[in-house]
Amino acid sequence: MSNHVNSTVPIYRGRFAPSPTGPLHFGSLVSALASYLDAKQQQGSWVIRIEDVDGTRCNARFAEQIIDTLSSYELHSDETIRVQSLHHHLYEQQLSVLKKQRIVFPCNCTRQSLAKYNGSHPNKCQSNIEKPHSWRLQTSPAIYEYKDSIQGHLVFSDDLKSNCPVLKRKDGFFSYQLAVVVDDHLQNISHLVRGADLIETTAQQLHLYHLFGWTAPSVCHIPLITNNHGDKISKQNHAKPIKNKHLPTLLRALHYLKIDLNSPTSITEALALAIEAWDPNKLQGIKNLPLEEQDLHFI
Ligand SMILES: [Zn+2]
(Lines give C-alpha, C1' and ligand atoms only; values in the text may rest on other atoms or scores of the structure.)
Protein backbone atom coordinates (compact mmCIF):
# COMPACT_ATOMS: atom_id res chain seq x y z
CA MET A 1 0.00 0.00 0.00
CA SER A 2 1.21 3.43 -0.82
CA ASN A 3 -0.16 6.84 -0.18
CA HIS A 4 2.08 8.42 -2.76
CA VAL A 5 0.36 10.84 -5.04
CA ASN A 6 1.51 10.65 -8.62
CA SER A 7 3.50 13.86 -8.81
CA THR A 8 3.21 14.07 -12.60
CA VAL A 9 -0.52 14.73 -12.32
CA PRO A 10 -0.99 18.36 -11.37
CA ILE A 11 -3.72 19.24 -8.91
CA TYR A 12 -6.11 21.49 -10.75
CA ARG A 13 -7.11 24.68 -8.97
CA GLY A 14 -9.07 27.21 -10.95
CA ARG A 15 -10.73 30.48 -10.07
CA PHE A 16 -13.12 33.18 -11.12
CA ALA A 17 -12.14 36.63 -9.96
CA PRO A 18 -14.75 39.32 -10.63
CA SER A 19 -14.30 43.00 -9.78
CA PRO A 20 -17.28 44.32 -7.86
CA THR A 21 -17.76 47.46 -9.95
CA GLY A 22 -21.33 46.44 -10.83
CA PRO A 23 -23.65 43.42 -10.79
CA LEU A 24 -22.77 40.29 -12.79
CA HIS A 25 -23.50 40.69 -16.50
CA PHE A 26 -23.84 38.15 -19.29
CA GLY A 27 -20.18 38.29 -20.40
CA SER A 28 -19.01 37.61 -16.86
CA LEU A 29 -21.37 34.66 -16.54
CA VAL A 30 -19.78 33.15 -19.66
CA SER A 31 -16.30 33.63 -18.14
CA ALA A 32 -17.36 32.21 -14.78
CA LEU A 33 -18.81 29.16 -16.50
CA ALA A 34 -15.73 28.52 -18.62
CA SER A 35 -13.42 28.51 -15.61
CA TYR A 36 -15.88 26.42 -13.60
CA LEU A 37 -16.46 23.80 -16.31
CA ASP A 38 -12.76 23.45 -17.04
CA ALA A 39 -11.99 22.92 -13.33
CA LYS A 40 -14.85 20.51 -12.70
CA GLN A 41 -14.24 18.45 -15.83
CA GLN A 42 -10.73 17.85 -14.52
CA GLN A 43 -11.98 17.08 -10.99
CA GLY A 44 -10.34 20.24 -9.80
CA SER A 45 -11.39 22.80 -7.26
CA TRP A 46 -12.77 26.18 -8.20
CA VAL A 47 -12.70 29.28 -6.06
CA ILE A 48 -14.17 32.73 -6.27
CA ARG A 49 -12.02 35.75 -5.46
CA ILE A 50 -13.31 39.30 -5.19
CA GLU A 51 -10.87 41.61 -6.98
CA ASP A 52 -11.63 44.83 -5.16
CA VAL A 53 -8.06 46.06 -5.01
CA ASP A 54 -9.13 49.29 -6.69
CA GLY A 55 -10.93 50.86 -3.73
CA THR A 56 -12.04 53.84 -5.81
CA ARG A 57 -14.19 51.74 -8.19
CA CYS A 58 -15.33 48.74 -6.16
CA ASN A 59 -18.25 48.37 -3.83
CA ALA A 60 -19.00 45.67 -1.25
CA ARG A 61 -22.68 45.73 -2.19
CA PHE A 62 -21.81 44.63 -5.74
CA ALA A 63 -19.55 41.89 -4.37
CA GLU A 64 -22.51 40.47 -2.44
CA GLN A 65 -24.76 40.72 -5.48
CA ILE A 66 -22.24 38.94 -7.70
CA ILE A 67 -21.79 36.10 -5.21
CA ASP A 68 -25.58 35.83 -4.90
CA THR A 69 -26.03 35.61 -8.65
CA LEU A 70 -23.26 33.02 -9.00
CA SER A 71 -24.85 30.94 -6.21
CA SER A 72 -28.22 31.13 -7.94
CA TYR A 73 -26.53 29.44 -10.93
CA GLU A 74 -25.02 26.90 -8.51
CA LEU A 75 -21.52 28.22 -9.08
CA HIS A 76 -20.26 27.89 -5.52
CA SER A 77 -16.71 28.56 -4.40
CA ASP A 78 -15.07 25.41 -3.02
CA GLU A 79 -13.28 27.52 -0.42
CA THR A 80 -13.87 30.68 1.54
CA ILE A 81 -14.09 33.56 -0.89
CA ARG A 82 -10.92 35.62 -0.83
CA VAL A 83 -11.29 39.39 -0.80
CA GLN A 84 -8.31 41.29 -2.18
CA SER A 85 -8.81 44.48 -0.17
CA LEU A 86 -8.01 42.52 3.01
CA HIS A 87 -4.54 41.64 1.79
CA HIS A 88 -2.81 44.94 1.06
CA HIS A 89 0.06 43.95 3.35
CA LEU A 90 0.85 40.96 1.11
CA TYR A 91 1.07 43.15 -2.00
CA GLU A 92 3.26 45.61 -0.08
CA GLN A 93 5.52 42.73 0.91
CA GLN A 94 5.98 41.66 -2.72
CA LEU A 95 6.51 45.24 -3.83
CA SER A 96 9.36 45.47 -1.33
CA VAL A 97 10.93 42.36 -2.93
CA LEU A 98 11.04 44.34 -6.19
CA LYS A 99 12.32 47.44 -4.40
CA LYS A 100 15.23 45.39 -3.05
CA GLN A 101 15.99 44.20 -6.58
CA ARG A 102 15.89 47.88 -7.65
CA ILE A 103 13.58 47.14 -10.53
CA VAL A 104 10.80 49.44 -9.43
CA PHE A 105 11.11 53.18 -9.15
CA PRO A 106 9.02 55.98 -7.63
CA CYS A 107 7.21 58.28 -10.01
CA ASN A 108 4.83 61.20 -9.82
CA CYS A 109 4.67 62.06 -13.48
CA THR A 110 1.34 63.38 -14.59
CA ARG A 111 -0.66 62.26 -17.60
CA GLN A 112 0.24 65.57 -19.29
CA SER A 113 3.97 65.11 -18.70
CA LEU A 114 3.77 61.62 -20.25
CA ALA A 115 1.79 62.79 -23.28
CA LYS A 116 4.96 63.13 -25.37
CA TYR A 117 5.65 59.40 -24.81
CA ASN A 118 2.18 58.38 -26.02
CA GLY A 119 1.08 57.65 -22.48
CA SER A 120 3.83 55.09 -21.80
CA HIS A 121 6.62 55.88 -19.38
CA PRO A 122 10.36 56.06 -20.19
CA ASN A 123 12.71 53.94 -18.09
CA LYS A 124 13.99 56.92 -16.14
CA CYS A 125 11.94 59.28 -14.06
CA GLN A 126 12.83 62.78 -12.88
CA SER A 127 10.17 62.79 -10.20
CA ASN A 128 10.43 64.55 -6.90
CA ILE A 129 9.78 61.63 -4.62
CA GLU A 130 9.18 63.82 -1.59
CA LYS A 131 5.71 64.19 -3.06
CA PRO A 132 3.13 61.36 -3.18
CA HIS A 133 4.26 58.93 -5.83
CA SER A 134 3.42 55.68 -7.54
CA TRP A 135 5.80 52.76 -8.00
CA ARG A 136 6.55 51.64 -11.54
CA LEU A 137 8.26 48.54 -12.85
CA GLN A 138 11.26 49.03 -15.12
CA THR A 139 11.16 47.90 -18.70
CA SER A 140 12.71 44.58 -19.61
CA PRO A 141 14.06 43.02 -22.81
CA ALA A 142 12.54 39.69 -21.75
CA ILE A 143 10.43 37.83 -24.28
CA TYR A 144 7.74 35.51 -22.97
CA GLU A 145 5.89 32.85 -24.83
CA TYR A 146 3.49 30.13 -23.89
CA LYS A 147 1.00 27.70 -25.31
CA ASP A 148 -2.54 28.89 -24.81
CA SER A 149 -4.74 25.83 -25.24
CA ILE A 150 -7.41 27.98 -26.96
CA GLN A 151 -5.52 30.83 -28.65
CA GLY A 152 -2.46 28.79 -29.67
CA HIS A 153 1.21 29.66 -29.30
CA LEU A 154 1.53 33.25 -28.07
CA VAL A 155 4.76 35.23 -28.12
CA PHE A 156 5.11 38.55 -26.31
CA SER A 157 8.20 40.16 -27.73
CA ASP A 158 7.67 43.92 -27.37
CA ASP A 159 5.31 44.09 -24.45
CA LEU A 160 7.87 44.80 -21.75
CA LYS A 161 10.33 46.92 -23.74
CA SER A 162 8.56 50.21 -23.93
CA ASN A 163 6.47 50.71 -20.85
CA CYS A 164 6.81 50.87 -17.10
CA PRO A 165 3.53 49.80 -15.60
CA VAL A 166 2.36 51.17 -12.28
CA LEU A 167 2.35 48.50 -9.56
CA LYS A 168 1.25 50.77 -6.74
CA ARG A 169 -0.67 53.93 -7.41
CA LYS A 170 -0.09 57.35 -5.99
CA ASP A 171 -3.33 57.03 -3.97
CA GLY A 172 -1.95 53.90 -2.26
CA PHE A 173 -3.95 51.28 -4.15
CA PHE A 174 -2.10 48.39 -5.77
CA SER A 175 -2.50 47.59 -9.45
CA TYR A 176 -4.50 44.69 -10.74
CA GLN A 177 -1.32 43.22 -12.28
CA LEU A 178 0.51 42.90 -9.00
CA ALA A 179 -2.47 41.78 -6.93
CA VAL A 180 -3.59 39.10 -9.39
CA VAL A 181 -0.14 37.51 -9.54
CA VAL A 182 0.32 37.53 -5.76
CA ASP A 183 -3.14 36.10 -5.14
CA ASP A 184 -2.98 33.40 -7.80
CA HIS A 185 0.35 32.31 -6.40
CA LEU A 186 -0.75 32.35 -2.75
CA GLN A 187 -3.94 30.49 -3.61
CA ASN A 188 -1.97 27.87 -5.59
CA ILE A 189 -4.06 28.52 -8.68
CA SER A 190 -2.84 26.13 -11.36
CA HIS A 191 -5.06 27.08 -14.29
CA LEU A 192 -6.46 30.40 -15.48
CA VAL A 193 -9.35 30.38 -17.92
CA ARG A 194 -10.25 33.97 -18.67
CA GLY A 195 -11.42 36.40 -21.35
CA ALA A 196 -9.31 37.22 -24.41
CA ASP A 197 -9.24 40.89 -23.37
CA LEU A 198 -6.67 39.86 -20.77
CA ILE A 199 -4.21 38.42 -23.30
CA GLU A 200 -2.40 41.73 -23.37
CA THR A 201 -1.79 41.64 -19.60
CA THR A 202 -0.18 38.22 -19.77
CA ALA A 203 3.40 39.32 -20.50
CA GLN A 204 3.46 41.63 -17.47
CA GLN A 205 2.11 38.87 -15.29
CA LEU A 206 4.57 36.26 -16.57
CA HIS A 207 7.33 38.79 -15.97
CA LEU A 208 6.23 39.30 -12.34
CA TYR A 209 6.14 35.52 -11.81
CA HIS A 210 9.68 35.39 -13.15
CA LEU A 211 10.88 38.24 -10.91
CA PHE A 212 9.36 36.61 -7.82
CA GLY A 213 10.81 33.22 -8.76
CA TRP A 214 7.36 31.66 -8.87
CA THR A 215 5.87 29.18 -11.33
CA ALA A 216 3.14 30.72 -13.47
CA PRO A 217 -0.17 28.88 -13.83
CA SER A 218 -1.26 27.56 -17.18
CA VAL A 219 -3.34 30.22 -18.94
CA CYS A 220 -5.94 30.08 -21.68
CA HIS A 221 -8.21 32.78 -23.05
CA ILE A 222 -11.80 32.23 -24.08
CA PRO A 223 -13.43 34.46 -26.69
CA LEU A 224 -14.74 37.78 -25.55
CA ILE A 225 -18.48 38.37 -25.85
CA THR A 226 -18.93 41.61 -27.74
CA ASN A 227 -21.75 43.98 -28.62
CA ASN A 228 -22.57 44.82 -32.21
CA HIS A 229 -19.83 47.48 -32.30
CA GLY A 230 -17.25 44.83 -31.45
CA ASP A 231 -16.73 46.17 -27.91
CA LYS A 232 -16.50 43.93 -24.89
CA ILE A 233 -19.74 43.66 -22.96
CA SER A 234 -18.77 45.32 -19.75
CA LYS A 235 -20.08 47.39 -16.92
CA GLN A 236 -18.31 50.35 -18.51
CA ASN A 237 -20.54 50.10 -21.56
CA HIS A 238 -23.65 49.52 -19.53
CA ALA A 239 -24.20 45.77 -19.74
CA LYS A 240 -27.34 44.92 -17.83
CA PRO A 241 -27.33 42.77 -14.71
CA ILE A 242 -28.52 39.26 -15.48
CA LYS A 243 -31.49 37.64 -13.75
CA ASN A 244 -30.76 35.25 -10.93
CA LYS A 245 -31.53 31.54 -11.25
CA HIS A 246 -32.79 31.73 -14.83
CA LEU A 247 -32.25 28.55 -16.81
CA PRO A 248 -32.70 30.18 -20.25
CA THR A 249 -29.92 32.69 -19.43
CA LEU A 250 -27.63 29.86 -18.39
CA LEU A 251 -28.34 27.96 -21.62
CA ARG A 252 -27.59 31.04 -23.74
CA ALA A 253 -24.32 31.58 -21.85
CA LEU A 254 -23.34 27.95 -22.48
CA HIS A 255 -24.16 28.42 -26.16
CA TYR A 256 -21.25 30.92 -26.43
CA LEU A 257 -18.97 28.21 -25.05
CA LYS A 258 -20.20 25.98 -27.91
CA ILE A 259 -22.32 23.89 -25.58
CA ASP A 260 -25.89 23.43 -26.80
CA LEU A 261 -27.86 21.23 -24.46
CA ASN A 262 -30.98 19.32 -25.29
CA SER A 263 -33.64 20.87 -23.00
CA PRO A 264 -32.32 20.25 -19.50
CA THR A 265 -35.03 20.85 -16.88
CA SER A 266 -32.93 22.41 -14.14
CA ILE A 267 -29.78 24.41 -13.54
CA THR A 268 -28.30 21.40 -11.71
CA GLU A 269 -28.90 19.15 -14.71
CA ALA A 270 -27.62 21.76 -17.18
CA LEU A 271 -24.38 22.23 -15.24
CA ALA A 272 -23.77 18.49 -14.95
CA LEU A 273 -24.28 18.04 -18.70
CA ALA A 274 -22.15 21.08 -19.48
CA ILE A 275 -19.23 19.73 -17.43
CA GLU A 276 -19.25 16.66 -19.67
CA ALA A 277 -19.76 18.61 -22.88
CA TRP A 278 -17.12 21.32 -22.29
CA ASP A 279 -14.51 21.18 -25.04
CA PRO A 280 -12.14 24.16 -25.31
CA ASN A 281 -11.01 22.88 -28.71
CA LYS A 282 -14.29 24.08 -30.14
CA LEU A 283 -13.23 27.66 -29.32
CA GLN A 284 -9.83 27.26 -30.99
CA GLY A 285 -8.44 30.60 -32.16
CA ILE A 286 -11.66 32.58 -31.59
CA LYS A 287 -11.02 35.92 -29.91
CA ASN A 288 -14.44 37.53 -30.20
CA LEU A 289 -17.99 36.25 -30.24
CA PRO A 290 -20.56 38.93 -31.08
CA LEU A 291 -23.89 38.61 -29.26
CA GLU A 292 -26.50 36.98 -31.45
CA GLU A 293 -29.68 38.87 -32.29
CA GLN A 294 -31.79 37.03 -29.73
CA ASP A 295 -29.33 37.90 -26.95
CA LEU A 296 -29.11 41.63 -27.48
CA HIS A 297 -31.41 42.16 -24.50
CA PHE A 298 -28.43 41.27 -22.29
CA ILE A 299 -26.85 44.64 -23.04
ZN1 LIG B 1 7.68 59.19 -13.80
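In the predicted model, helix α4 (111-114) and strand β5 (134-137) each contribute at least two residues to the lining of the second largest pocket. This pocket encloses about 280 Å³ of space. Its lining is formed by C107, N108, C109, T110, R111, L114, G119, S134, R136, V166, R169 and K170. By residue class, the lining of the second largest pocket comprises four nonpolar, four polar and four charged residues.

The largest pocket has a volume of about 1,100 Å³. It is lined by 38 residues, of which S19, Y176, D197, L198 and K232 are the closest to its centre. Five secondary-structure elements, namely β1 (13-16), α1 (26-41), α5 (176-186), β9 (191-195) and β11 (224-226), each provide at least two residues of this lining. Among the contributing elements, α1 gives the most to the lining of the largest pocket, with four residues. The lining of the largest pocket divides into 16 nonpolar, twelve polar and ten charged residues.

Enclosed space was also examined. The structure contains one cavity of 30 Å³ or more. The volume of the largest cavity is about 40 Å³, and the residues lining it are L192, R194, T202, Q205, L206, Y209 and V219. Two elements, strand β9 (191-195) and helix α6 (202-212), give two or more residues to the lining of the largest cavity. Of these, α6 gives the most, with four residues. In terms of residue class, the cavity lining consists of four nonpolar residues, two polar residues and one charged residue. Strand β9 thus appears in two linings, supplying at least two residues to that of the largest pocket and two or more to that of the largest cavity.

With regard to annotation, an unreviewed UniProt entry lists residues 13-123 and 129-241 under "domain: Glutamyl/glutaminyl-tRNA synthetase class Ib catalytic". In the model, the span 13-123 is 41% helix and 14% strand, and the C-alpha atoms at its ends lie 37 Å apart. The span 129-241 is 19% helix and 27% strand, with a distance of 43 Å between its end C-alpha atoms.

Notes. Residues are numbered from 1 along each chain as its sequence is written. This is a predicted model: local features need pLDDT of at least 70, side-chain atom pairs count only at pLDDT 80 or more; totals for chains, interfaces and linings use all residues. Side-chain values use heavy atoms; hydrogens and water are left out. On a 1 Å grid over the protein atoms alone, a cavity is a set of points where a 1.4 Å probe fits but cannot get out, and a pocket is an open set with protein on both sides within 12 Å along at least five of seven lines; lining residues have an atom within 4 Å of a point. Grid points are joined across faces, edges and corners, and a volume is the space filled by probe spheres set on the points. Ala, Val, Leu, Ile, Met, Phe, Trp, Tyr, Cys and Pro count as nonpolar, Asp, Glu, Lys and Arg as charged, and the others, Gly among them, as polar. UniProt positions are given in the numbering used here, feature names are shortened, and annotations may be inferred rather than shown by experiment.
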